[in-house]
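Thank you all for coming; I would like to walk you slowly through one structure that most of us have not looked at before. Please keep the picture in view while I talk, and stop me whenever a term is unclear.

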Amino acid sequence: MQKFAYVGRYEDGGSQNSFYKLKGRKQGFKSFPNKSLATFAHKVQSTLSNENLAPKVYSPVCKIRVPNYFASSDGNGGMKTIKQMVLSDWGYLTEIAKPYECDDDECDGCCLDSCCRNYGKIENLLDDINKCGLEYMDAHPANLGYVMRKSKRVLVVIDLGAESVHSESDSYPSVCWDGAEDMDCCCEQCMAQYDDSGEFEYA
């Protein structure tokens, strides 16, 4: 087994997940509130990344160690900050995409209107995702990015959680929304995540 040495700083948080940038690596770790949500996003992103429609995925669904800071008494009436490494929520390692920036001065910031010169590129991206049997329902500039493929910038989607993607296919795992809000959820999916620490060991 390979050993994961450290994790970089907390980078960003969306409505359902958090993102950590790994120190010294061109990779990040995207975490989710429960294992079923992470498993769904992992499957979707893995499928789309094979078609260069999403960033690459570099690990199975897992947990990594992240720094947690808390205040404690220093014994002299003052306080000190203590750093403790703890396991993250469930997630996976992913390629870091460069944030999308609209280069059309006439655009109102949405980019999903035909008046924006990037509208056609975004529509083509969504059409290609549909061809994979997925409907992307959360297209806006913050959920888009660029990755490099064969020395060229490629437009991709970067938020692939169950709140953003819909599929009628049974090939994508079901999710438990109760587990996202209630850590005491007793459904089979949520109970299973407590049976295995899931820590990912990485070189």
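Let me begin with an open sheet of 3 strands, whose order is S7-S9-S10 and whose pairing is antiparallel. Strands here are DSSP runs of E with at least two residues, helices are runs of H or I with at least four residues, and both are numbered from the N terminus; two strands pair if DSSP finds at least two bridges between them. Strand S7 (98-99) and S10 stand at the edges with a single partner strand each, so one side of each has no neighbour in the sheet.

Before going further, I should say that this is a predicted model, in which local features need pLDDT of at least 70 and side-chain atom pairs count only at pLDDT 80 or more, while totals for chains, interfaces and linings use all residues. Residues are numbered from 1 along each chain as its sequence is written, and side-chain values use heavy atoms, with hydrogens and water left out.

On confidence, pLDDT is the predictor's own confidence in each residue, from 0 to 100; the mean for the protein chain is 78, and 73% of its residues reach 70 or more. Over residues 1-11 the pLDDT is below 50, although this stretch has 34 contacts in the model beyond near neighbours in sequence, where contact means heavy atoms within 4.5 Å. Where pLDDT is low, the predicted coordinates should not be read in detail.

As for the overall make-up, the protein chain has 4 helices and 11 strands. Of its 203 residues, 40% count as buried, and by buried I mean under 20% relative accessible area, with exposed being over 50% and partly exposed in between, using a 1.4 Å probe and protein chains only.

Returning to the sheet, strand S9 (residues 144-149) and strand S10 (residues 152-157) pair in the antiparallel sense over 6 bridges, and Gly-145 stands opposite Val-156 in S10. The two strands form a hairpin with 2 residues between them, and Lys-150, which lies in that loop, has a phi near 55°, a positive value in a residue other than glycine. With a relative accessible area of 82%, Lys-150 is exposed.

What lies in the interior? The largest nonpolar core, meaning a set of buried Ala, Val, Leu, Ile, Met, Phe, Trp, Tyr and Cys residues joined through side-chain atoms within 4.5 Å, has 28 residues, and those with the most contacts inside it are Val-44, Leu-48, Ile-129, Tyr-136, Val-157 and Leu-160. Two or more residues come from each of helix H1 (35-49), helix H2 (119-131), S9 and S10, and H1 gives the most, with 6 residues. Leaving aside neighbours within four places in sequence, Ile-129 is in contact with Leu-48, Leu-53, Leu-134, Tyr-136 and Val-157. A second, separate core of 7 residues includes Tyr-20, Ile-64, Val-66 and Leu-93.

H1 itself deserves a moment, since at 1.5 Å times one less than its number of residues its 15 residues should span 21 Å, and its end C-alpha atoms are 20 Å apart, which agrees. Among the buried residues of H1 are Phe-40, Val-44, Gln-45, Leu-48 and Ser-49.

After H1 comes the loop leading to strand S4 (65-73), and Lys-56 is found there, as is Asn-52. Asn-52 has a positive phi, near 60°, and is partly exposed at a relative accessible area of 34%; Lys-56 also counts as partly exposed, at 38% relative accessibility.

Finally, which charged residue does Lys-56 come close to across the chain? The C-alpha atoms of Lys-56 and Glu-95, 39 residues apart along the chain, are separated by 5.2 Å. Glu-95 is found in strand S6 (residues 91-95), where 5 of 5 residues are buried, and Glu-95 itself counts as buried at 13% relative accessibility. A polar atom of the Glu-95 side chain lies 2.8 Å from the backbone nitrogen of Lys-56, and the side chain of Glu-95 also makes a polar contact with the side chain of Arg-149 (2.8 Å). By polar contact I mean a pair of N or O atoms within 3.5 Å, where within protein one must be able to donate a hydrogen and the other to accept it, and residues adjacent in sequence count only if both atoms are side-chain atoms. S6 also pairs with strand S3 (residues 27-31) in the antiparallel sense over 5 bridges, with Lys-30 opposite Tyr-92.
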